[in-house]
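I'm opening a fresh page for this one. I'll note what I looked up, in the order I got to it.

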Amino acid sequence: MIYKIRVILDTEEDIFRDLEIEDSNSLEEFHNAITQAFGFMGNEMASFYTCDSEWNQDEEIALFDMSESGSNVRLMNETFLTDILTEEQPKLIYVYDFMSMWTFFVELADIVEKEDGRVYPNVLFSFGELPDSPPEKSFESKPSADFDENFENYDDLDFDENWN
């Protein structure tokens, strides 16, 4: 089957690419298709993240395992589109170049039959020009309901003075 996927740059301007790719392709092959579609060199680190319907980031699927101990990080070359992107879970977050943090919203638009004679992956539609530098990110969190902004007395918290 062929996945039709929209990849949207996280910016105020509309900048996106509509791609077609085989559902049996790995996320590494999808990563390569995205970098080519947006004109990146493809030589930077990148990760996909599973997310919920509100784009809240969940599990990382990395291009390489950078841990020293060989952790249980899911890798792009071992994870296939059909395993991670479904009609029930149609969204992913893609981050390219962790120094610049190019962030993209990835959404499955349709699943269709493969067309004879067509080469995949394929850029169906391209809209908007990639800016010279990534959009500024604002890393903010919602205030916790348990947090009291007027808290002033730390003596009652029972901390050991020599805790370190």
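In what order do the strands of the open sheet run, and is the pairing mixed or not mixed? I traced the order as β5-β4-β3-β6-β7-β1-β2-β8, eight strands in an open sheet with mixed pairing. The edges are β5 and β8, each of which pairs on one side only. Note to self: this is a predicted model.

**Entry: overall layout**

I counted two helices and eight strands in the protein. Reading from the N terminus, I get β-β-α-β-β-β-α-β-β-β. Of the 164 residues, 33% are buried. I also looked up the contacts with a separation of 6 or more: 60% of them join residues 24 or more positions apart. The exposed area came out at about 11,300 Å², with carbon and sulfur atoms supplying 44% of it.

**Entry: the β5 end**

I started with the hairpin. β3 (residues 46–51) and β4 (residues 57–62) pair in the antiparallel sense over four bridges. Five residues sit between the two strands, and in that turn tryptophan 55 has a positive phi of about 70 degrees. Phenylalanine 48 has isoleucine 61 of β4 as its bridge partner.

Next I followed isoleucine 61 the other way and found arginine 74 in β5 as its bridge partner there. β5 covers residues 74–75, and its pairing with β4 is parallel, over two bridges.

**Entry: the β8 end**

At the other edge I checked how β8 is held. β2 (residues 16–22) pairs with β8 in the antiparallel sense over five bridges. One bridge pair I wrote down is phenylalanine 16 with phenylalanine 127 of β8. Helix α1 (residues 27–38) packs on the sheet and touches β1, β2, β3, β4, β6, β7 and β8; its direction makes about 145 degrees with that of β2.

Phenylalanine 127 made me look again. It lies in β8, which spans residues 122–127, and its relative accessible area is 38%, so I logged it as partly exposed. Together with Leu124 and Phe125, Phe127 makes a nonpolar surface patch of about 260 Å².

**Entry: arginine 17**

Is arginine 17 buried or exposed? I had to check, and the answer is buried: its relative accessibility is 5%, and the cut-off for buried is under 20%. Arginine 17 lies in strand β2. Leaving out neighbours within four places in sequence, I listed its contacts: Ile5, Arg6, Val7, Ala37, Phe38, Phe125, Ser126, Phe127, Gly128 and Leu130. I also took the C-alpha separation from arginine 17 to alanine 37, which is 6.9 Å for residues 20 apart along the chain.

**Entry: salt bridges on β2**

How many salt bridges does the structure hold? I found five. I went through those that involve strand β2.

Aspartate 18 meets arginine 6 through their side chains, at 2.6 Å from N to O. That pair links β2, where aspartate 18 sits, to β1, where arginine 6 sits, with the two positions 12 residues apart in numbering terms. Aspartate 18 is buried at 14% relative accessible area, whereas arginine 6 is partly exposed at 33%.

Glutamate 20 came next, and its side chain meets that of arginine 118 at 2.7 Å, N to O. Arginine 118 is in the loop between β7 and β8 while glutamate 20 is in β2, so this salt bridge ties together parts 98 residues apart in sequence. Glutamate 20 is buried, with just 1% relative accessibility; arginine 118 is partly exposed at 31%. I also noted a salt-bridge network that links Glu20, Glu115 and Arg118.

Last was glutamate 22, which forms a salt bridge with lysine 114, with the closest N and O atoms 3.4 Å apart. Here too the pair links distant parts of the chain: glutamate 22 in β2 and lysine 114 in the loop between β7 and β8, 92 residues apart. Both are partly exposed, glutamate 22 at 22% and lysine 114 at 47%.

**Entry: a reminder on faces**

I kept one rule in the margin for reading the strands: in a regular strand, side chains alternate between the two faces of the sheet.

How values were computed
Residues numbered from 1 in each chain as written. Predicted model: local features only at pLDDT ≥ 70, side-chain atom pairs only at ≥ 80, totals over all residues. Heavy atoms only, no water. Patch = residues over 30% accessible without salt bridge, like charges linked within 9 Å, V, L, I, M, F, W, Y side chains within 5 Å. Areas by Shrake-Rupley, 256 points an atom, 1.4 Å probe, with all protein chains shown as cover. Salt bridge = Lys/Arg side-chain N within 4 Å of Asp/Glu carboxyl O. Buried < 20%, exposed > 50% of the residue type's maximum accessible area, 1.4 Å probe, protein only. Pairing = 2+ DSSP bridges. Contact = heavy atoms within 4.5 Å. Axes fitted to C-alpha atoms, helices over the stretch in contact; angles between N-to-C directions.
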